[in-house]
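User: I would like to learn how to read a model like this one, feature by feature. Please take each idea in general terms and then show the case at hand.

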Amino acid sequence: AEHYGLKPGDLGREFSVRGERFRIIGIDPRRSKYPISAERISNSALYKFPSDEVVKQLKEQTTAVHSQR
């Protein structure tokens with residue numbers, strides 16, 4: 001997980017992309033361009049994401065939560 005900028009605890013975390021919510025369900029190092037596997041919350045469809053996009057979304061989400069406190 002750390003190789004992709006994620007923490008071990010990020011598995012199962014949710015993030016948003018273009019108004020849709022996704023949950024991280026795995027990492028596949030064989031897919032170098034899209035190693036992050038995620039499930040769309042609304043319909044359980046599976047998607048692949050680049051790690052930098054997921055890391056960015058998780059950081060923005062964390063920043064927004066801390067800003068609300």
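Analyst: Start with a single residue and place it in an element. In this predicted model, Arg40 lies in strand S3, which spans residues 36–40.

User: Is Arg40 buried or exposed?

Analyst: A residue counts as buried when its relative accessible area is under 20%. Arg40 has 19% relative accessibility, so it counts as buried.

User: What does the side chain of Arg40 join in a polar contact?

Analyst: The partner is the side chain of Tyr47, and the polar contact is 2.3 Å. Tyr47 falls within strand S4, residues 46–49.

User: Which residues does Arg40 contact once its neighbours within four places in sequence are left aside?

Analyst: Contact here means heavy atoms within 4.5 Å. By that test Arg40 touches Glu20, Arg21, Phe22, Ala45 and Tyr47. Strand S2 runs over residues 20–27, so Glu20, Arg21 and Phe22 belong to that strand by the run definition.

User: Where does Asp28 lie?

Analyst: Asp28 is in the loop between S2 and S3. A loop residue can be judged for burial in the way used above. Asp28 has a relative accessible area of 16%, and therefore counts as buried.

User: What does the side chain of Asp28 reach?

Analyst: A side chain can pair with backbone as well as with another side chain. The side chain of Asp28 reaches the backbone nitrogen of Arg30, at 3.0 Å.

User: Next, backbone angles. Which value does phi take at Arg18?

Analyst: The thing to look at is the sign of the angle, together with the residue type. Phi of Arg18 is near 50°, which is positive, and the residue is not a glycine. Arg18 sits in the loop between strand S1 (14–17) and S2. With a relative accessible area of 75%, Arg18 is exposed.

User: What is phi at Ser44, and where does Ser44 lie?

Analyst: Ser44 also belongs to the residues other than glycine with a positive phi, here near 65°. Its place is the loop between S3 and S4. Ser44 is partly exposed, at 44% relative accessible area.

User: Now the helix. How far apart are the C-alpha atoms of Thr63 and Ser51?

Analyst: Two C-alpha positions give a simple reading of distance along an element. Thr63 lies in helix H1, which covers residues 51–68. The C-alpha atoms of Thr63 and Ser51 are 18 Å apart, with their positions 12 residues apart along the chain. Thr63 is partly exposed, its relative accessible area being 49%.

User: How many helices and strands does the protein have, and what pattern do they follow?

Analyst: There are four strands and one helix. In sequence order the pattern is β-β-β-β-α. The radius of gyration is 12 Å, close to the 11 Å that the globule rule gives for 69 residues, so the protein is as compact as a globular protein of that length. The C-alpha atoms fill a box of roughly 40 × 30 × 20 Å along the principal axes.

User: What share of the residues is buried?

Analyst: Buried residues account for 32% of the 69. The accessible surface is about 4800 Å², and carbon and sulfur atoms hold 50% of that.

User: How many positive and negative charges are there, and how far apart are their mean positions?

Analyst: The protein has 13 positive and 9 negative charges, and the two mean positions are 1 Å apart.

How values were computed. Residues are numbered from 1 along each chain as its sequence is written. This is a predicted model: local features need pLDDT of at least 70, side-chain atom pairs count only at pLDDT 80 or more; totals for chains, interfaces and linings use all residues. Side-chain values use heavy atoms; hydrogens and water are left out. Helices (H or I, at least four residues) and strands (E, at least two) are DSSP runs, numbered from the N terminus. The radius of gyration is taken over C-alpha atoms; the globule rule is 2.2 Å times the number of residues to the power 0.38. Buried means under 20% relative accessible area, exposed over 50%, partly exposed in between (1.4 Å probe, protein chains only). Accessible areas come from the Shrake-Rupley method with a 1.4 Å probe; for residues, only the protein chains shown count as cover. Lys and Arg count as positive and Asp and Glu as negative; His and the chain ends are not counted. The place of a charge is taken as NZ of Lys, CZ of Arg, CG of Asp or CD of Glu. A polar contact is a pair of N or O atoms within 3.5 Å; within protein, one must be able to donate a hydrogen and the other to accept it, and residues adjacent in sequence count only if both atoms are side-chain atoms.
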